[in-house]
Amino acid sequence: MISRTTRLLLLVMIVVASVSFVTPASAAGRRSCRATWFNVIAERGEYVDLDADGVRDDAVTGLFIEVYCPACFTLTDVYCYLVLPSGDAYLFIVTIVGTYRHVHLNVGWYNVITEPGWYRFLVYTEIECGQTTYWSADSLAFDPPTEGNPGPPLAEVLSFTATP
Ligand SMILES: [Ca+2]
């Protein structure tokens with residue numbers, strides 16, 4: 001017997017793409033609308049020492065997705081951008097499979113704090129419904145210090161919580 005929580009966890013498959021510099025592109029011919037039935041909020045951006053190398057050259061970003069009304073959808077594409085002060089950006093894509101009412105997602109970015117100045121966490125979320133792609137976006141800025149050469153950049157999901 002599989003519990004409801006286990007079923008939800010089975011449905012929620014996180015597909016993690018690599019850190020790169022691409023931008024999201026919806027399929028050709030689809031309509032794109034700003035969503036009124038769900039919203040994404042960039043709720044956290046801070047520098048930390050995730051890999052315990054003694055240098056606070058890593059970052060954690062957090063987001064919250066809320067679905068306001070019952071809706072039939074199966075895929076949510078979450079594009080997490082970490083924009084450096086120079087304008088260069090890292091992209092980390094998370095695909096959530098399944099339905100939910102609330103999601104909290106924290107992403108860890110390793111060795112990405114390489115420049116002084118303000119960093120921007122930008123989240124762009126797309127959900128396809130029929131022939132329409134609905135989107136919601138938000139961003140926040142934070143200002144970490146810079147210390148030394150951090151090594152190659154990496155990113156991973158630190159935590160994921162979904163409420164059915
Ligand atoms: Ca570190």
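Helices (H or I, at least four residues) and strands (E, at least two) are taken here as DSSP runs, numbered from the N terminus. On that basis, the protein chain of this predicted model holds 1 helix and 10 strands. Their order along the sequence is α-β-β-β-β-β-β-β-β-β-β. Of the 164 residues in the chain, 23% are buried. Among contacts between residues at least 6 apart in sequence, 74% join residues at least 24 apart.

**Confidence**

- The mean pLDDT of the protein chain is 81. A value of 70 or more is reached by 77% of the residues.
- Confidence peaks in β5, at a mean of 97. It is lowest in helix α1 (residues 4-11), at a mean of 33.
- Residues 1-26 stay under a pLDDT of 50. The model nevertheless gives this stretch 36 contacts beyond four places in sequence.
- Where pLDDT is low, predicted coordinates should not be read in detail.

**The open sheet**

- Four strands form an open sheet in the order β3-β4-β7-β10, with antiparallel pairing.
- β3 and β10 are the edge strands. Each has a single partner strand, so one side of each lacks a neighbour in the sheet.
- From one strand to the next, the twist averages 15 degrees.
- β3 and β4 are joined by 10 bridges in the antiparallel sense. Phe 38 has Val 67 of β4 as its bridge partner.
- β4 and β7 run antiparallel and share 8 bridges. Here Phe 64 is bridged to His 104 in β7.
- β7 and β10, also antiparallel, are linked by 9 bridges. Tyr 110 stands opposite Leu 154 in β10.

**The two faces of β7**

- In a regular strand, side chains alternate between the two faces of the sheet.
- The covered face of β7 carries Val 103, Leu 105, Val 107 and Trp 109.
- The uncovered face of β7 carries His 102, His 104, Asn 106, Gly 108 and Tyr 110.
- His 104, on the uncovered face, is the β7 residue that bridges to Phe 64. Tyr 110, also on the uncovered face, is the one opposite Leu 154.

**Pairing around β8**

- β5 and β8 run antiparallel, with 8 bridges between them. Val 78 is bridged to Thr 125 of β8.
- β8 also pairs with strand β9 (residues 132-142), antiparallel, over 11 bridges. Arg 120 has Ala 141 of β9 as its bridge partner.
- β8 and β9 make a hairpin with 2 residues between them. In its turn, Gly 130 has a positive phi of about 60 degrees.
- Tyr 124 belongs to β8 (residues 119-129). It has 19 other C-beta atoms within 10 Å, and burial takes 20 or more, so Tyr 124 is partly exposed.
- Tyr 124 and Asp 77 are 47 residues apart along the chain, yet their C-alpha atoms are separated by 8.3 Å.

**The nonpolar core**

- In soluble globular proteins, nonpolar side chains tend to be buried together.
- The largest nonpolar core here has 28 residues. Ala 59, Cys 80, Leu 82 and Val 123 touch the most other members.
- Seven elements are listed as giving two or more residues to this core: β3 (38-48), β4 (58-67), β5 (75-83), β6 (89-97), β7 (102-110), β8 and β10 (154-163).
- Leu 82 touches Ala 59, Thr 61, Ala 89, Tyr 90, Trp 109, Val 112, Tyr 119 and Phe 121, leaving aside residues up to four places away in sequence. One of these, Trp 109, sits on the covered face of β7.

**Positive phi in loops**

- Most residues other than glycine have a negative phi.
- Ala 52 has a positive phi, near 55 degrees. It lies in the loop between β3 and β4. Ala 52 has 7 C-beta neighbours inside 10 Å, so it counts as exposed.
- Asn 111 has a positive phi as well, near 60 degrees. Its place is the loop between β7 and β8. With 19 C-beta neighbours inside 10 Å, Asn 111 counts as partly exposed.

Methods: Residues are numbered from 1 along each chain as its sequence is written. This is a predicted model: local features need pLDDT of at least 70, side-chain atom pairs count only at pLDDT 80 or more; totals for chains, interfaces and linings use all residues. A residue is buried if 20 or more other C-beta atoms lie within 10 Å of its own, exposed if 12 or fewer, and partly exposed in between; C-beta atoms are placed from the backbone. Two residues are in contact if their C-beta atoms, placed from the backbone, lie within 7 Å. A nonpolar core is a set of buried Ala, Val, Leu, Ile, Met, Phe, Trp, Tyr and Cys residues joined through C-beta atoms within 7 Å. Two strands pair if DSSP finds at least two bridges between them. Axes are lines fitted to C-alpha atoms, for helices over the stretch in contact, and angles run from 0 to 180 degrees between N-to-C directions. pLDDT is the predictor's confidence in each residue, from 0 to 100.
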